[in-house]
Structure formats: C-alpha cells, structure tokens
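Subject: Structure for your review

Dear colleague,

Please find below the structure I am handing over to you, together with its sequence. My notes on it follow directly afterwards.

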Amino acid sequence: MSATIFANGTIRLDAWGDPVEALAVKQGKVIGAGPLEEVEATAGAAPRRVNLDGATAVPGLIESHVHPVFFGLTRNWTDCRSPLNGSIADIQGALRRDLATVPTGKWLRGWGYDDTMLLENRHPHRDDLDAVSREVPLVVSHISGHFVVANSLALELAGIHEDRADPANGHFVRDESGRLTGLLWEMGAVHAVLDAMPQASASDVEEAALYAADVGVQRGMTSIHDLGVGIMAGDLEIQAWRKLAADSKIPLRVTGYVRADLAQGYVESAPDLFTRPASGKYRVAGAKFWSDGSIQGLSGALKEPYSCQDSECGELLYSPEELVELLGHVDAAGGQCAVHANGDRAISTVAGAFAALRGSSNQSDPRHRVEHLQMASDEDISSLVESGSVASIFANHVYYWGDRHRDRFIGAERAARIDPTRDARNGGLHFGMHSDCPITPMDALATFRTAVTRQTSGGSVLGEAQRIDQRAALHALTADSAYLTHDEGHLGTLTTGMDADLSILDQDIVGLGIEQTQDVSAVATVVGGDFVYNHGGF
C-alpha cells in the first residue's frame, strides 16, 4: 500500500507549533511530517498526493460530549423548540399537526421546549397536553433533557399514579392540591415514563446513530464521546454501536459511557466491559452519572440561591456518600466515571467524590470526568487536578444561555464565570469542550468560536476574562479531548506514529483574527488515513 502525501496548504501537527510543509500517512498512521523533500523521501515510491490547495489540515476535532442516538431520533419527533414555538399554544399546535402521523399503539413524542422562552413563562401541564389528545399518549421533553411533561394517558400507561412515590433521583411534580402536574423532574422521574414508552426498533437506533455520525464528519469531527449510552433506547444503543462497528459502518471513532443504572448489569455479564480494546471504531470507557440538573431549569445545585428565586438552590441528586458508593462500582471495574455537574455545589461534591475515589482506587490513572463544569471555582479546579481528574466543558452554554444566566438565573457576577475555560487552563486542568448535542447543535467549530469570543446569542461578551486564545481552544478540541479518554498516545496530534485523523478546514483557524473565526468551515474529514467526508474534492 502506497503512502499519501498532504501538501500545498497549512498543516498544523498540533495547536502549539508552527505549520509544516507536508504530511505523509500510510496504513492509517502518520509516517512523516516536515519539509516536502523530507516527507517525499519518507513516503517512498509512487505516493498518492493530496493537494490541499490552500486549505488547512489540523488534528481531528473531537466532540467530547454528545448524545448521538438521542440526536438522530429527534428527526422523527415534534419540534417544540423556541423561537419556533413562542407559547404553549404554539407547542399544542405543533403536536396537533403531528397527531395524524402516529400509528396505532404508538406515542406522540415532542422535544426541545424551553419554559423560560415561552409566553406563559412556565412548563406545560398535563392538562395542556390532554387538550391536544386524551386518546394518544403524549410526552414532550425539555431542551435540557432533564424534564419531561406527559399527558394523563402517558402517566397512566407508565404506572405513574397519584400515590406513587418519587424515585431516588427525581420526583413527580404535584400542584398545591397534591395532584400530578405531568412534569417529571430529573432523570429518575424522566426514565419512569420514557422507559415505559414503546421502544425504538433496532434499525431505528442504528439509523439514528449513523445519522449523528454522518453529521459529525461533515462538520470536521473525527471522534465523538457518547455520554449516556442507553438514555433513549436502553440496551439497543450499545447493541447498535457494536453491530455498526462490526460491520465497519461507523465513519468516525466513538467512545461510549453507558447510562449509570444500566452499567452494573452490563459489568456483571461482561466484567471487562470498560477495559477491552476498541472493536473497530467503538469502545466503552465507563459510565455516566448525574449529580444535579439544569441551571435554566432551576435544578442545578447551587451554593447560593438563584437570582430569580431566592428560596431555591436546586438539589443534589445524591448525597456525597451515596455518590462515592455508586461511583466506586464503576471504578472497581476499571471504568471511568463521567459525572454531570452544573452548579457550584454539585461540582464541589463531585470533586470531593473523585478525591475519595482516588485514595481507594486500584486504577493507576482512572481520569474520572466532570461533565459541563459550568460553575466551577478555582478550588474545584485545583481539587480535580490534584485527584488526576479531567473535565468536558459545555462552552456552548455561553452562547445559548449566557444572557439569561446573567439577567435571570444567577446574576452578572456568577454568570461571568460560567464555563471557566481560562481558569481551567491556568489551573492545569485537562479539558475538552462540547455541544451536548442535541441540546445545542453538534459543531466543534461553533464551540471553538464561543470559547475564543465568549459572545452570547444576544451579542454581548460574557466574562471576557474567561476567553481562551485560538491555540488553547484547538488544543482543547484535539489533544486534550483525546486525553480525556486515555487516547493521547494515538490521537490528538499529527506527529509521527499517531493515527492519521485530520480535519481539513477552508481557512487557518489559528492564524485568523478572533472575529474571522466565525467564517471557517470543514471541507473534508480523514479518519485513519481515509477520507470519510470530502466536500473539497481532494
């Protein structure tokens, strides 16, 4: 097999060094980089030549926190997002339009409503959904994924009756009279209704996974981290990924973290679940837990009250002791614990749990992860570094919710430090950045722009002191994201011996001015030396 030489463009082997003139790859690996003459000598006889024609090649972009099956399945659900829907009446209208498409025995599924962007400024009620239909079970998910509203028939079919006790990590919201409102609060309650729904078919799940993977490579991503395998389709999700990997159908690399409540059963049947090497482009690295909820849903666990509700600080879904015990099972099985934490109280609790685990773990380098890290303090960052832990930061929060965090939820001072990428970098914390797709669009270049500009959707700059420069942002989306999954030995840079994963961009995202970075697009994606997306015609 002959080598391939990439030349005639800007080639960055990592985020920090100067560009090189040429890059050679063979059998999926980088075999040389530097001056064209030297690379040609390394490549040997009759190499294939890729003329970049002025484009820029960087190490493959890594999206470190997405929900790909969730994203793919939403194509078949009623879109209840704002600003498309400005009121509960709009959501009702959208649901009514889709009622006729629901097969007998199936449920109508909506997603993406945001109570803070609705005219009524509240969550929908079961009565609102009953007004759409009492004959078809109906559920609508909040944009955060942490809340679901169900109509009366859906509650009945899920066995959620007026006298049913709340689950351990969530609750069934009731009105002042004690009647169920239909709002299912946090993951334990959410899954009480979602797990009762008719499940997607295996082919539906496979199609959803492939759709998400295809979107990823079209936007320049060579790897994604699936944070919560099973959150939408249970066992079918891990089965789908394994089948697709065995059939060599996955175009990018996928690292999975299984839903925590499913993890124990998986480990009992496969004790090496977290330690076995990748099968094709798929492997499972650990399990996903939730320690709190969503700040925009007032369920993120804060140390001080919300600005808009001075009696509310959110809630921890587990006590510190419970969290350590739960995480310990995954750690003992050789897996990484990835724990969702948005509020400062939740982050401190998770950091403490990781410190406790580090003292008792049999793993030499577990690298447990905090997901989102939205309100981390300097002390939290130091604690995570000391315990060898890492993070994936939801930088897109700044763009999509920054204005409302500042003006409504947590006030200007706290909002200026959300998603503290600069403090994390200065504190020595390894971190990736993410979209949490489908919560926000899966687009690593858009995440990059938000990290370097801190610009909100309203056009403001939120927390300028937390900006990072282009090199640091690229590092977070490449080498550091590879580090999160123990893959830094073969992913994240384009030095000799590394896997040949490249994102080819139409402009040099590092060399441009900050404001110009919004115009950069992916034109091709290479995974293991093979083009999996080639809009540039290379």
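The notes below go through strands, backbone geometry and salt bridges in turn.

Please bear in mind throughout that this is a predicted model.

Strands β1, β2 and β3

I begin with strand β2, which spans residues 20-26 and is mostly covered, with five of its seven residues buried. Strand β2 runs antiparallel to β1, and five bridges join the two. Within that pairing, Thr 4 is placed opposite Val 25 of β2. Strand β2 also pairs with β3 (residues 29-34), again in the antiparallel sense and over five bridges. Here Leu 23 has Ala 33 of β3 as its bridge partner. The connection between β2 and β3 is a hairpin with two residues between the strands. Gln 27, in the turn of that hairpin, has a positive phi of about 50°.

Backbone geometry

Two further residues deserve a look for their phi values. Asn 8 is not a glycine, yet its phi is positive, near 65°. Asn 8 sits within strand β1, which covers residues 4-11. With a relative accessible area of 47%, Asn 8 falls below the 50% limit for exposed residues and is therefore classed as partly exposed. Ala 46, likewise a residue other than glycine, has a positive phi near 50°. Its place is the loop between α1 (36-43) and β4 (48-51). The relative accessible area of Ala 46 is 64%, so this residue counts as exposed, the limit being over 50%.

There are also cis peptide bonds to report. One joins Ser 82 and Pro 83, with omega at about 10°. Pro 83 belongs to the loop between β7 (78-79) and α3 (88-99). Another cis peptide bond leads from Cys 437 to Pro 438, and its omega is near 15°. Pro 438 is located in the loop between β19 (431-433) and α16 (444-453).

Salt bridges

How many salt bridges does a search of the whole structure find? The search returns 25. As a general point, side chains of opposite charge can pair when their charged atoms come close.

One of these salt bridges connects the side chains of Asp 79 and Arg 81, at 2.8 Å from N to O. Asp 79 is partly exposed, with a relative accessibility of 25%, and Arg 81 is partly exposed as well, at 35%.

Arg 367 takes part in two of the contacts I would point out. Its side chain meets that of Asp 365 in a salt bridge of 2.9 Å, N to O. Is Arg 367 buried or exposed? Its relative accessible area is 5%, and because buried means under 20%, Arg 367 is buried. Asp 365, by contrast, is partly exposed at 29% relative accessibility.

Arg 367 also forms a salt bridge with Glu 488, in which the closest N and O atoms are 2.8 Å apart. This pair links distant parts of the chain, the two residues being 121 residues apart. Arg 367 lies in the loop between α11 (344-360) and β17 (369-372), while Glu 488 lies in the loop between α18 (479-484) and β20 (502-505). Glu 488 is partly exposed, at 32% relative accessibility.

Finally, Lys 29, Arg 253, Asp 499 and Asp 501 are joined into one network by salt bridges that share partners.

With kind regards

Technical notes. Residues are numbered from 1 along each chain as its sequence is written. This is a predicted model: local features need pLDDT of at least 70, side-chain atom pairs count only at pLDDT 80 or more; totals for chains, interfaces and linings use all residues. Side-chain values use heavy atoms; hydrogens and water are left out. Helices (H or I, at least four residues) and strands (E, at least two) are DSSP runs, numbered from the N terminus. Buried means under 20% relative accessible area, exposed over 50%, partly exposed in between (1.4 Å probe, protein chains only). Two strands pair if DSSP finds at least two bridges between them. A salt bridge is a side-chain nitrogen of Lys or Arg within 4 Å of a carboxyl oxygen of Asp or Glu.
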